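Thanks for making time this morning. Please have the sequence and the model open while I talk, and stop me wherever something needs checking.

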Amino acid sequence: YIQTEDRMRAFYAEFGIPFREQELKNAAAVLAATAYEKKLPEVQDFELHNGKMVAFYESRGGAYKEALLDADFANNMPQQQSFARMIETEPKLEEAARQRALEIATYEQSRGMGRSV
């Protein structure tokens, strides 16, 4: 979240975009929650187009993914709601990781059984 906020602050300063401090914090929290839900690292870059905020995230493998957000929505979403989204997401991510590990173990076990014949 803090890295996203710092990057947003630098982006706004670079392009002379006026902002309200709380709106910047709210938008940074929305972007951080979106990245967390999609298991992406922090925001790498931003663009603004007709009231839409485009955030670019670098995914595994170096490719970029993007998230399109309504800037007004992001600016007005209370930080606490975004942080709550992250907390709600964590058990889902943990369960997905456990499921993936189980699938890998089952696959490897089935391959090993086929070779021992």
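Let me begin with a question: which residue forms a salt bridge with Arg-20? The partner is Glu-23, with the closest N and O atoms 3.3 Å apart. Please keep in mind that this is a predicted model, and that every value I quote today is computed from it. Arg-20 counts as exposed, at 58% relative accessibility, while Glu-23, at 22%, counts as partly exposed.

Let me step back to the overall arrangement. The protein has four helices and three strands, and their order from the N terminus is α-α-β-β-β-α-α. Of its 117 residues, 31% count as buried, and the accessible surface comes to about 7,900 Å², with 54% of that belonging to carbon and sulfur atoms. If we take the contacts with a separation of 6 or more, 49% of them are between residues 24 or more positions apart.

Now to helix H1, which has 13 residues and reaches 18 Å from its first C-alpha to its last, close to the 18 Å expected at 1.5 Å a residue. Its buried residues are Thr-4, Glu-5, Met-8, Phe-11 and Tyr-12. Seen down the axis of H1, these buried residues fall within an arc of 125°, so they line one face of the helix. The face turned away from that buried side carries the exposed residues Ile-2, Ala-13 and Glu-14. After H1 comes Gly-16, whose phi is positive, near 65°.

Two of those buried residues, Met-8 and Tyr-12, lead us to the largest nonpolar core, where they are among the residues with the most contacts inside it, together with Leu-31, Phe-46 and Met-53. This core has 15 residues, and the elements that give two or more residues to it are helices H1 and H2 and strands S1 and S2. The largest share, five residues, comes from H2. As general background, nonpolar side chains in soluble globular proteins tend to be buried together. Met-8 shows the packing in detail, since, leaving aside neighbours within four places in sequence, Met-8 is in contact with Leu-24, Ala-27, Ala-28, Leu-31, Phe-46 and Met-53.

H2 also holds a polar residue that I would like you to look at, namely Asn-26. Is Asn-26 buried or exposed? Asn-26 is buried, with a relative accessible area of 7%, and, again setting aside neighbours within four places in sequence, its contacts are with Ala-74, Asn-75, Asn-76, Met-77, Pro-78 and Gln-79.

Finally, let me return to the salt bridges, of which the count comes to six. In H1, Glu-5 forms one with Arg-9, the closest N and O atoms being 2.7 Å apart. Because Glu-5 and Arg-9 are four residues apart in this helix, about one helical turn separates them. Glu-5 is buried, with a relative accessible area of 8%, whereas Arg-9 counts as partly exposed at 26%. Both belong to a network of salt bridges that also links Glu-21 and Lys-25.

A further pair, Arg-100 and Glu-103, meets in a salt bridge at 3.6 Å, N to O. These two residues are three residues apart in helix H4, so about one helical turn lies between them. Glu-103 is partly exposed, with a relative accessible area of 41%. I will stop there and take your questions.

Definitions and conventions:
Residues numbered from 1 in each chain as written. Predicted model: local features only at pLDDT ≥ 70, side-chain atom pairs only at ≥ 80, totals over all residues. Heavy atoms only, no water. Core = buried A, V, L, I, M, F, W, Y, C linked by side-chain atoms within 4.5 Å. Buried < 20%, exposed > 50% of the residue type's maximum accessible area, 1.4 Å probe, protein only. Contact = heavy atoms within 4.5 Å. Expected span 1.5 Å × (residues − 1). Arc of directions from axis to C-beta. Areas by Shrake-Rupley, 256 points an atom, 1.4 Å probe, with all protein chains shown as cover. Salt bridge = Lys/Arg side-chain N within 4 Å of Asp/Glu carboxyl O.
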